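This report takes up the fold, the nonpolar core and the backbone of a single protein chain.

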Amino acid sequence: MIEIMNNTKKKILYISYIIAAFIFFLYILFPSDAVKKYIEHKLGGIDPDLSISIDNINPAFPPGVRLNAVSFYYIRSLLLDAETITIVPGILSVFSSKAAFSFKGIAYDGIINGRADIGGNAEHIKIDADLSGIQIKDIPAIKIPAGIENEKYKISGIIDGKVTYSNNKSSGRIMGAKLSISDSSIKLKEPVFNHENFTFSEIKADLATIKKRLQIKSCTIEGDKINASLSGYIISKKNLGSSDLNIKGKIKLKPLFFGNMKKNLMASIFPEKMSGNSSFSFKIGGTVDNPEFTLK
C-alpha cells in the first residue's frame, strides 16, 4: 500500500513538473510578434480605417491571449486606449472557418466586456460590448490636454452602457450605442450666462452610426441648472472640428440657473421661464469647432 502511494505521489510530481515546464516555455517561447501581426492584419480586414498598436502579447488562462498597452486608431486619430485586453476564443470556432471569441478589457478605470463573431474572410462581423465605470475625462476623443491655450471646457463623468457593431455586404458598417452617464460635469473656460460649471445627475443617449453619419436618436439630460432633450445628427469629417451639426431639442431652465436676476441676461429675455415650469426649443447648426445656436 505504501509503495502504491509513493508511486502515485511520484506521478503527480512528474505531471506537475511537466505542466509547469509547459507553461514556462509557453511564456518564454510565445510568438508575440507573429500574433501582433496577425491581429493587425485581421483588424485591417474588418475596417481599413481602423488600426491598432500593441506593446506586447502574452498567453492567458483560460486559453487565450492578453494584449497589453493597446491603442486603437481611427484614420490615424487615437480612439481608445486600454491597459489590457484578454481574448478567449470559442471552443467550436477552433474547428470552423468562422471566428468567435469573448474579450475583456480594462480601460479608463472601467471594464469592457464583450463577444465578437466574424464570418469567413470577414464577410460578416458582429460585435457586442458592455461598458462599465468608464471615466469620460480620460477618453482621447473628449479629453483636452492641459496647458493648451484654446481649451474651452473640461468634461467628467462615468459611462455605462452597451455598444454594438456590425458589418456585412448588404447593410455596410453600422454601430449602435445605448449609454448612461452619471456624476457628470462640464467646466467652461468662459462663463455662459454667469455660469462656469454645470453638473448632471444623469445623461442617457441612444446613438447609431451609418457610414459617416452619427444619428442621435434620443438624448435626455438631467442637471442641477437645466434639463434638456435633443435629437439630430452629426456628419463626421476627417477633421473632427469641421464635422457638420444638425441637432434640435428642448431645454428647461431650473431656478438655480438664473441666480442673480439682475446679472443674468436669460432672466430678462425669458422672465416667464424663471419658475422652471416651461421650456423652449433650440437648434444647433454649424460645425463642432464653430457651432451655431438658435433659440425659439
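The account below moves from the chain as a whole to its core and then to two aspartates.

The model is predicted, and its protein chain holds 4 helices and 14 strands. Of the 296 residues of the protein chain, 33% count as buried, while the accessible surface comes to about 19,000 Å², with 61% of that area belonging to carbon and sulfur atoms. Among contacts in the protein chain with a separation of 6 or more, 40% are made by residues 24 or more positions apart.

The largest nonpolar core comprises 47 residues, and the members that touch the most other members are Leu67, Val70, Ile85 and Ile159. For Ile159, once neighbours within four places in sequence are set aside, the contacts are with Leu131, Ser132, Gly133, Ile134, Ile136 and Ile139, and also with Leu179, Ser180 and Ile181.

Turning to the backbone, Asp109 has a positive phi although the residue is not glycine, and so does Asp183. The table sets out their values and places.

| Residue | Phi | Relative accessibility | Place |
|---|---|---|---|
| Asp109 | near 65° | 60% | loop between strand S4 (99–107) and strand S5 (110–118) |
| Asp183 | near 50° | 58% | strand S8 (residues 172–192) |

Are these aspartates buried or exposed? Asp109, in the loop between strands S4 and S5, counts as exposed because its relative accessibility of 60% is over the 50% cut-off. Asp183, which lies within strand S8, likewise counts as exposed, because its 58% is over 50%.

Notes. Residues are numbered from 1 along each chain as its sequence is written. This is a predicted model: local features need pLDDT of at least 70, side-chain atom pairs count only at pLDDT 80 or more; totals for chains, interfaces and linings use all residues. Side-chain values use heavy atoms; hydrogens and water are left out. A nonpolar core is a set of buried Ala, Val, Leu, Ile, Met, Phe, Trp, Tyr and Cys residues joined through side-chain atoms within 4.5 Å. Buried means under 20% relative accessible area, exposed over 50%, partly exposed in between (1.4 Å probe, protein chains only). Contact means heavy atoms within 4.5 Å. Helices (H or I, at least four residues) and strands (E, at least two) are DSSP runs, numbered from the N terminus. Accessible areas come from the Shrake-Rupley method with a 1.4 Å probe; for residues, only the protein chains shown count as cover.
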